Amino acid sequence: MSIIVENVTKIYGKQKALDNVSFSVQKGEILGFLGPNGAGKSTMMKIITGYIPPTSGMVKVNGFNIYDHPLEIKKQIGYLAEQNPLYYEMYVKEFLEFIGKLYGISNIPQRVKEMIEICGLEIEQNKKIKALSKGYKQRVGLAQALIHNPSVLILDEPTSGLDPNQLEEIRQLIKTLGKDKTVMLSTHIMQEVEAVCNKVVIIHRGKIVASDSIENIKQVSTSHRVVVEFSIPLKKQHFAKIRCQKLESISDTKWLIESQQEDISKELMQIAIENNCSILSLTKSELKLEEIFKALTQTI
Ligand code: ADP
Ligand code: MG
């Protein structure tokens, strides 16, 4: 395991920002850490990277624990903080050289050149950071996170505030980088997780409400949904034999059904036979992660 989080609780004054959080990330995984604003995402990331201590609990990164090996952990991790803290008056190259020196990297010019290439900063490399667009600032942030070649990347809302083109570019870059690294990225956008990650941990009010592969989360936490179209108009009572949580008419011939049962096609055939009609179409539709997230984080 690249990252192991065990029973982490963080209390700020009287507020519990994290409540007994446990999860792990395997080498090579891209984990989406998903939750609404104030859920505790940044707090968790600051604890993993060693910037703040937990109130209780344990974190290990590549086998090193945060209490005994804080410096080793900083070497293992590349961190892009939520408020990407760049030195705006510095030039891109100058800034990356400066970060390279902080990490004690050998052959800094060569490494900076590589970072500029990997992060697509060629055109902007001689500009001052303050002159860059938000998307390019994020690229500089990624370059500083990667310069010491860490095996683990922790990215706190890496795409927030980007326009759709920049967003797509940064997502692609993260996916490419993720091929030989372990990545944990936080976001409050469901589509982001679907687009980039292969595993998701959903956090709400400091507690984990779901943790699994994206496919499993969809399967476990949701029912199966089909849209069926009959050749004649039907009424709700015709569906009485089907056990379902939701039955909605899209038109009088077209119905949306959500059921725990994986396959209800036999039951639908039965309805068609009983009513002397046929099924014109039957399509399965998956629930969007967004709907799952809403269901899991609904406050009662
Ligand atoms: P997220 O990143 O998911 O938006 P945060 O981890 O930033 O959430 O915050 C979780 C909760 O902890 C929020 O309610 C926030 O107000 C609170 N919090 C965060 N940092 C501090 C702090 N330094 N002092 C007091 N409360 C804080
Ligand atoms: Mg945050």
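The following exchange takes up terms applied to this predicted model and sets values against definitions.

Reader: What conventions and limits apply here?
Author: The model is predicted, so local features need pLDDT of at least 70 and side-chain atom pairs count only at pLDDT 80 or more, while totals for chains, interfaces and linings use all residues. Residues are numbered from 1 along each chain as its sequence is written, chains are lettered from A and ligands numbered from 1 in the order in which they are written, and side-chain values use heavy atoms, with hydrogens and water left out.

Reader: What makes a residue part of the surroundings of ligand 1?
Author: A residue is near a molecule if one of its heavy atoms lies within 4 Å of it. The residues around ligand 1 are Tyr12, Gln15, Ala17, Pro36, Asn37, Gly38, Ala39, Gly40, Lys41, Ser42 and Thr43. Helix H1 (41-48) and strand E2 (15-25) each supply at least two residues of this shell, and H1 gives the largest share, three residues. Helices (H or I, at least four residues) and strands (E, at least two) are DSSP runs, numbered from the N terminus.

Reader: Which polar atoms approach an oxygen atom of ligand 1, and why are these pairs called polar contacts?
Author: A polar contact is a pair of N or O atoms within 3.5 Å; within protein, one must be able to donate a hydrogen and the other to accept it, and residues adjacent in sequence count only if both atoms are side-chain atoms. A polar side-chain atom of glutamine 15 lies 2.7 Å from a ligand oxygen, a polar backbone atom of glycine 38 is 2.7 Å from one, and for a polar side-chain atom of threonine 43 the distance is 2.5 Å. These values are within 3.5 Å, so the pairs qualify.

Reader: What makes Ser42 and Glu82 donors of the magnesium ion?
Author: Donors are N, O and S atoms within 2.8 Å of the metal (3.2 Å for Na, K and Ca); water is not among the atoms, so sites may look incomplete. Ser42 (OG), Glu82 (OE) and Glu82 (OE) lie 2.1 to 2.8 Å from the magnesium ion, ligand 2. Serine 42 lies in helix H1 and glutamate 82 in the loop between strand E6 (77-80) and helix H3 (92-102), so the pair ties together parts 40 residues apart in sequence.

Reader: Is serine 42 buried or exposed, and what is glutamate 82 called?
Author: Buried means under 20% relative accessible area, exposed over 50%, and partly exposed in between (1.4 Å probe, protein chains only). Serine 42 has 14% and therefore counts as buried; glutamate 82, at 35%, is partly exposed.

Reader: Why is H1 described as largely enclosed?
Author: Seven of its eight residues are buried, so the rest of the structure largely encloses H1. The buried ones are Lys41, Ser42, Thr43, Met44, Met45, Ile47 and Ile48. After H1 comes glycine 50, with a positive phi near 85 degrees.

Reader: How do you know how many disulfides there are?
Author: A disulfide is a pair of cysteine sulfur atoms within 2.5 Å, and a search of the whole structure finds zero. The sulfur of cysteine 119 is 18 Å from the closest cysteine sulfur, in cysteine 197, so the two are too far apart for a bond. Cysteine 244 is also in no disulfide, with the nearest cysteine sulfur, that of cysteine 277, 17 Å away. Cysteine 119 is buried at 0% relative accessible area, whereas cysteine 244 is partly exposed at 29%.

Reader: What joins threonine 182 to serine 2?
Author: Their side chains share a polar contact of 2.9 Å. Threonine 182 lies in strand E8 (residues 182-187) and is buried, at 1% relative accessible area.
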